[in-house]
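Here's a friendly walk through one protein model, taking its open spaces, its core and a couple of serines in turn. Have the sequence and the 3D view ready.

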Amino acid sequence: MNVVKRKYLDRIVDRELDRALESSGAVLIKGPKWCGKTRTAEERAASKILMQDPNNTEHYKMIADSAPSLLLEGDVPRLIDEWQIAPVLWNGVRFEVDQRGENGQFILTGSVTPKNDPTLHTGTGRITRLFMRTMTLFESLESSGEVSLRTLFNGEADIKGRSPLTIDGLAFALARGGWPRSVGEKESIALRRAYDYVDSLAETEISSSDGVERNPARIRNLMRSLARNVSTAAKLTTIREDMEGDDIISDKTVTSYINALRRMSVVEDLPAWCPAVRSKTAIRTSPKRHFVDPSIAVAVLRMSPEGLLKDFKTFGLLFESLCVRDLRVYAQAMDGEVFHYRDRSGLEADAIVHLKDGRWGAVEIKTGAKETEKAAENLIKLKDRIDTERMTPPSFLMVLTASEYAYRRRDGVYVVPIGCLRD
């Protein structure tokens, strides 16, 4: 039976992959399962080997153990999907890259980061690492893309735009997530996939990722606690104490479970930003808790779009997580990273987009228009607190919202709906 592939929706990471292939012998695309790594790699690959193919996995593993170079033969760039099933392929790729002396030879994909293996060379200088997340609202064609983060960094003075997303639409986007196969599907199917993802994680995926048997009920319990504390700087003890009916679990066990989720790119905490400031105010350094996609939190809490709209506090925290996901994708395309800021005085910014060339922008994330004024005031306070003799002033200050219109305030702060933003 011929299988017709769905139309490929362009991904922001496509351009990053092209650049990486031009400058490196091999590229490793990491990221959570179902985020589209294989499909994106297939768009660029001239040949491929799918290590997870159930008809061939054991056969491939036997070949890898005895003659791994056979699996690396083929037109380039050659895709090796889920390479960690046969870890020896890593060193094989490194060796082949050295021998051939050409860029763009291999694309490797993987959903799991193997535990430290002393036999695996780091790949430095041969293999470029590229992280891929789930789809942003711009990639899923739900953001109008009228406001570009790149142009804001380049000094765009005036903006305008109108988001096509209503609050109902945002609640659905939160619950569905940015999983490529869910985009464009019927609502019932799309929402079911997020639930299936969580069920698969708890029942099989986490334990099979490193061979360590883990209690599925405890995994769910931990993920529920993380979901209830998403977008906060909750400490490990808070996470443990919030795990319902699991009084005997230790911090060490919780850490091992979280590390397993991290190796599978399920959780992705947001680190703290430590800028040069004028005063001696202490800066908080705890990361904020996030899943790689907000739909994981929605699914593990067994909520629906309608339920989110009845629990606006949870909606707000998950909306912040969605915005952080999109900002991370957009920032990575500009060789940047995203952080959060909070100091001892309580002054904070939900997101700091910091580029490697030193430019940065501060973002407050708010669901309602009524919160914009206070958010803008906080951003201006943060701007004034930065020591501009040691750092550049911000390229922009932005309130990222769930509202309808994009505009520039008289004080210079941009108000941008997430449904207008793009890279």
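## The largest pocket

Let's begin with helix α2, which supplies 5 residues to the lining of the largest pocket, the largest share of that lining. (Helices are DSSP runs of H or I with at least four residues, strands are DSSP runs of E with at least two, and both are numbered from the N terminus.) A pocket here is an open set of points on a 1 Å grid over the protein atoms alone, with protein on both sides within 12 Å along at least five of seven lines, and a lining residue has an atom within 4 Å of a point. This is a predicted model, so local features need pLDDT of at least 70 and side-chain atom pairs count only at pLDDT 80 or more, while totals for chains, interfaces and linings use all residues. Residues are numbered from 1 along each chain as its sequence is written, and side-chain values use heavy atoms, with hydrogens and water left out.

How much space lies in the largest pocket? About 940 Å³, where a volume is the space filled by probe spheres set on grid points joined across faces, edges and corners. The pocket has 30 lining residues, and W34, G36, T38, R39 and R181 are the closest to its centre. Two elements, α2 (37-44) and β2 (47-50), give two or more residues to the lining. Sorted by class, this lining has 11 nonpolar, 6 polar and 13 charged residues. (Ala, Val, Leu, Ile, Met, Phe, Trp, Tyr, Cys and Pro count as nonpolar, Asp, Glu, Lys and Arg as charged, and the others, Gly among them, as polar.)

## The second largest pocket

The second largest pocket holds about 520 Å³ of space. Of its 22 lining residues, R133, R328, Q332, G336 and E337 sit closest to the centre. Four elements give two or more residues to this lining: α1, β5 (127-131), α13 and β8 (336-342). β8 gives the most, with 4 residues. The class split is 8 nonpolar, 3 polar and 11 charged.

## Closed spaces

Now for the cavities, which are sets of grid points where a 1.4 Å probe fits but cannot get out. The whole structure has 3 of them at 30 Å³ or more. The largest has about 70 Å³ of space, and its lining is made up of R11, I12, V13, E16, F131, M132, R133, T134, E139, V329 and Q332. Both α1 (13-23) and α13 (312-332) give two or more residues to it. By class, that lining comes to 5 nonpolar, 2 polar and 4 charged residues.

The second largest cavity has a volume of about 40 Å³. Around it you'll find L226, V230, I258, V267, D269, R289, H290 and F291, which divide into 5 nonpolar, 1 polar and 2 charged.

## The core and an enclosed helix

The largest nonpolar core has 81 residues, and M223, M398 and L400 touch the most other members. α13 gives the most to this core, with 10 residues. (A nonpolar core is a set of buried Ala, Val, Leu, Ile, Met, Phe, Trp, Tyr and Cys residues joined through side-chain atoms within 4.5 Å; buried means under 20% relative accessible area with a 1.4 Å probe, protein chains only.) Leaving out residues up to four places away in sequence, M223 touches V198, L201, L261, V266, F291, I296 and V300.

Why is helix α6 (residues 167-176) largely enclosed by the rest of the structure? Because 8 of its 10 residues are buried. Those are G169, L170, A171, F172, A173, L174, A175 and R176. Just after α6, G177 takes a positive phi of about 80°.

## Two serines

S143 sits in the loop between β5 and β6 and is buried, at 7% relative accessible area. Beyond its neighbours within four places in sequence, S143 is in contact (heavy atoms within 4.5 Å) with L137, F138, I418, G419, C420 and L421. Its side chain reaches the backbone oxygen of L421 at 2.7 Å, and a polar atom of that side chain lies 3.2 Å from the backbone nitrogen of G145.

S148 lies in strand β6 (residues 147-148) and counts as buried at 13% relative accessibility. Which residues is S148 in contact with, leaving aside neighbours within four places in sequence? They are R422 and D423, and the side chain of S148 reaches the backbone oxygen of D423 at 2.8 Å.

Definitions and conventions: Buried < 20%, exposed > 50% of the residue type's maximum accessible area, 1.4 Å probe, protein only. Polar contact = N/O pair within 3.5 Å; in protein donor to acceptor, adjacent residues only side chain to side chain.
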